[in-house]
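Open the model in your viewer and keep the sequence panel beside it. The stops below are given as selections to make in turn.

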Amino acid sequence: MSKRIRTQVSRRGFLAGTAAAAAAATVPAIGQAAATPAAAAAVRPNILLIVTDDQPKQTDWALQKTIGWLAGEGVKFNHGHVTTPLCAPSRSSVFSGRYAHNHGVRNNAASASLDQNTTVQRYLKQAGYRTGLFGKYLNAWNIADAPPHFEDFALLQPSYVDGKWNVNGTVQTINGYTTNIIKNRTLSFLDKAATDTRPWFAYVTPYASHGPRTPEAKYAGVPVPEWNGRPSVTEADRSDKPPYIKEATGTLEDGKRIRAEQLRVLLSVDDAVQAFKDKLAATGQLDNTLVIYIGDNGFGWADHGWTAKSVPYSPAHEVPFYLSWPAGGLGAGTVDDRIVANIDIAPTILDAAGITPNTPQDGTSLLSAYSRDHLLVEWWRKGQGTDHRTWSSYVSKDKQYVEYYTLYTDANGTVAGTGEVKFREYYDLAADPHQLVNKLYQATPAQERNLGIPALAAQLAADRVG
């Protein structure tokens, strides 16, 4: 599904600077940083992985401190995606480095399908890392059950205020704003490095910016920058879209409201990230901590009338994606233009820690010079219905091809149905970034051939079973 346009570089080779010449021309963020001597990161890095909930890409206003640190002093990935725009499948891909069709968590009810032996937390704990989880874990997870391979955890039953938690095996209610509780629990975990010399892995997952998007009291009603939509929000004619999108009812006012609510709850996340940076600096851990920040999926602000995730359009699967690791040479404030995704997080972490996985992974370490030419994005309908909303998509920088199928899943993520292709979309993303014109709508066979559809369909079929 992707092509290697240069040789993959191992962590040790990367840190020694051998990737610099190979990557400099097209991957400046990685290549320019690779000259850092290997000795600078001889000690295994600490790892701080921050995963927000339903955070779309265009939320920079609320994240000025986060961006100042992780983009200004690290790497900003311009083309960050998730491979399934839904919480539990995406988070399972973060943990395992695998597509949902391989890890089996195809919907939010199917979290038990994830093989915990394949997760990054298993590898790190087995390798001697101190592991902690603070916030949301996986949808449908029983809060009374400990999250596997985390020795220190405060597991949140998703909410914003006075939440129900499982703190290291004790289920309890903790009063207060949950983003702040997650922040404080994480800070305590970072402090423990003073007495526990093991490297650590902290998985930090605030509920923001998921609905109901309840802001912290100090940010309630805070004015946000004016926004008057984008072409996909005010799209007048959706006759070329699938039936469920033609029937969508989201309005510009809905989009404005959702956007404002998301920005306000993300302000508290921004405060938390700044607190993490301050703590790492104060405790001497900043230089050799690998920090990754990503949203578990995007969200529609009434694009094409849709006010959720789960669709193949860019606002649902494009996400903010940042990385910083000064001791690994990634602390200079650079931009990486590769197509990257949540499936690349586990391989990156294991590469940085010097761990070779013995279970399959579909992603590739971001510390390597690997670059893909396109990405598979996929989504399954849970339960039967008439609108055939199971789909998969070929996504590159300049085009997107989508197929909808007569397939559905049960609560375990098991797939059933004929698999017949019922609707297709093709967008020229270079000329039509807001996906307004489906070029396959009423297209002739000759027009389809000119668009390269036969080859795209064949590649998508291969990707779906890869």
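**First stop: strand 7**

Select strand 7: Trp200, Ala202 and Val204 point one way and Phe201, Tyr203 and Thr205 the other, and all are buried (under 20% relative accessible area with a 1.4 Å probe, protein chains only; over 50% is exposed, in between partly exposed). Strands here are DSSP E runs of at least two residues and helices H or I runs of at least four, numbered from the N terminus. This is a predicted model, in which local features need pLDDT of at least 70 and side-chain atom pairs pLDDT 80 or more, while totals for chains, interfaces and linings use all residues. Residues are numbered from 1 along each chain as its sequence is written, and side-chain values use heavy atoms, without hydrogens or water.

Six of the six residues in 200-205 are buried, so strand 7 is largely enclosed by the rest of the structure.

Add strand 1 (residues 46-52), which pairs with strand 7 in the parallel sense over four bridges (pairing requires at least two DSSP bridges). Leu48 stands opposite Ala202. Next add strand 3 (residues 130-135), parallel to strand 7 and joined to it by six bridges; Phe134 has Val204 as its bridge partner.

**Second stop: an antiparallel sheet**

Now select strands 11, 12, 13 and 14, which form an open antiparallel sheet in the order 11-12-13-14. Strand 11 (375-379) and strand 14 (415-428) are at the edges with a single partner strand each, so one side of each lacks a neighbour in the sheet.

Zoom in on strand 13 (residues 399-409), joined to strand 14 by ten bridges. Val402 is opposite Glu425 in strand 14.
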